[in-house]
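Dear colleague,

I am handing over the structure we spoke about, and below it you will find my notes on what turned up. Please read them with the model open beside you.

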Amino acid sequence: MLAELLNIRPGVTAVTGGGGKTTLLGTLGEELSREGASVLLCTTTKIYPFPELPCARTEAELEELRSRHRLLCAGTPLPEGKLTAPAVPFSGLACRFDYVLVEADGAARRPLKAHAPHEPCVPAEAEQTILVVGASGFGCPIAQAAHRPELYARLAGKSPADPATAEAAARVILAEGLPARVYVNQVESSRALEEAGALAALLGCPLLAGSLRKGEYVPCSY
């Protein structure tokens with residue numbers, strides 16, 4: 001089970017980076033709720049509501065829906081149809097649900113991400129953070145693969161025209177010093193798996209590689 005492979009613990013978990021954060025939240029939510037846990041999916045930035053899930057937009061709706069559903073999403077509605085952070089503080093959400101899974105970053109649909117000073121927006125209540133790296137970005141020019149490409153290139157010691165690699169990703173992650181467990185998503189080829197293994201070695205810590213689309217996962221040691 002993916003939640004076990006990522007060692008997801010009860011409480012608040014933040015998901016940052018690029019390359020599949022929303023899908024990761026949905027996958028973990030489905031797994032954990034099937035095991036009987038109550039799970040809330042939400043954000044500190046902006047996300048679209050999960051179309052297949054009940055969605056609480058007010059505290060009253062949250063109370064009503066959580067009495068009938070093990071898995072739901074919540075947030076404060078924005079004019080463009082997205083949700084931002086729920087009205088209820090994260091400390092209060094953690095008291096209401098076994099697991100609160102929070103998308104705490106935005107990447108403009110890019111697989112890789114460098115963080116501005118105000119990012120990521122991780123709740124103080126988060127007990128763990130999962131950093132998602134999209135393997136589909138490896139081999140592509142940093143200018144195309146990364147959100148905030150000029151910052152990403154500078155941290156990696158590259159130019160925006162250079163290809164993104166495991167070495168570049170490791171330099172960015174180490175430079176940013178974000179405390180996180182790393183999950184490399186979009187690993188759907190032997191080449192992508194090699195890059196994930198190289199990233200684990202460069203970071204000096206184990207990570208999980210896999211494909212949320214295929215439901216296949218491989219731990220990578222260093």
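T13 counts as buried, because its relative accessibility is 0%, and the cut-off for that word is under 20%. Please keep in mind throughout that this is a predicted model. T13 has its place in strand β1, which covers residues 11–17, and, once residues up to four places away in sequence are set aside, T13 touches I8, V100, L101, V102, Q128 and I130. As for a residue further along the chain, T13 and A85 are 72 residues apart in sequence, and their C-alpha atoms are 14 Å apart in space.

Two other residues can be described in the same manner. L25, which is found in helix α2, has a relative accessibility of 0% and therefore counts as buried. Not counting residues up to four places away in sequence, L25 touches V15, L41, C42, F50, L101, V102 and E103. L25 and S136 are 111 residues apart in sequence, while the distance between them in space is 19 Å, taken from C-alpha to C-alpha. S211, which lies in strand β12, also counts as buried, because its relative accessibility is 0%. Leaving aside neighbours within four places in sequence, S211 is in contact with Y183, N185, Q186, V187, E188, E216 and Y217.

I then turned to two of the helices, beginning with α8, which runs over residues 190–203. At 1.5 Å a residue, the 14 residues of α8 should span 20 Å, and the C-alpha atoms at its ends are indeed 20 Å apart, so the expected and the computed spans agree. Which residues of α8 are buried? They are A192, E195, A196, L199, A200 and L203. Seen down the axis of α8, these buried residues fall within an arc of 140°, and they therefore line one face of the helix. The face turned away from that buried side carries the exposed residues S190, R191 and A201. What covers the buried residues of α8 includes helix α7 (166–176) together with the strands β11 (181–185), β12 (207–211) and β13 (216–220). Just after α8 comes G204, which takes a positive phi of about 75°.

Helix α6, made up of residues 149–156, has L151, Y152, A153 and A156 as its buried residues. These pack against β8 (112–113), α5 (142–145), β10 (146–147) and α7. α6 is followed by G157, whose phi is positive and near 70°.

The last part of these notes concerns empty space, starting with the enclosed kind. How many cavities of 30 Å³ or more are there? The count comes to two. The largest cavity has a volume of about 90 Å³, and of the 14 residues that line it, K113, L131, V133, Y152 and I173 lie nearest its centre. The elements that give two or more residues to this lining are β8, β9 (126–134) and α7, and it is α7 that gives the most, with four residues. By class, the lining of the largest cavity divides into nine nonpolar, three polar and two charged residues. Y152 therefore appears twice in these notes, because Y152 is one of the buried residues of α6 and one of those nearest the centre of the largest cavity.

The second largest cavity holds about 70 Å³ of space, and the residues that line it are A56, R57, T58, E59, L62, A74, G75, T76, P86, A87, V88 and L93. Seven residues of this lining are nonpolar, three are polar and two are charged.

As to open space, the largest pocket has a volume of about 580 Å³. Of the 25 residues that line this pocket, the closest to its centre are K21, T22, E103, A108 and R109. Helix α2, which covers residues 21–34, gives the most to the lining, with three residues. Sorted by class, the lining of the largest pocket has six nonpolar, 10 polar and nine charged residues. E103, named here near the pocket centre, is also among the residues that L25 touches.

With best wishes

Terms used:
Residues are numbered from 1 along each chain as its sequence is written. This is a predicted model: local features need pLDDT of at least 70, side-chain atom pairs count only at pLDDT 80 or more; totals for chains, interfaces and linings use all residues. Side-chain values use heavy atoms; hydrogens and water are left out. On a 1 Å grid over the protein atoms alone, a cavity is a set of points where a 1.4 Å probe fits but cannot get out, and a pocket is an open set with protein on both sides within 12 Å along at least five of seven lines; lining residues have an atom within 4 Å of a point. Grid points are joined across faces, edges and corners, and a volume is the space filled by probe spheres set on the points. Ala, Val, Leu, Ile, Met, Phe, Trp, Tyr, Cys and Pro count as nonpolar, Asp, Glu, Lys and Arg as charged, and the others, Gly among them, as polar. The expected span of a helix is 1.5 Å times one less than its number of residues. Buried means under 20% relative accessible area, exposed over 50%, partly exposed in between (1.4 Å probe, protein chains only). The arc is that of the directions from the helix axis to the C-beta atoms. Contact means heavy atoms within 4.5 Å.
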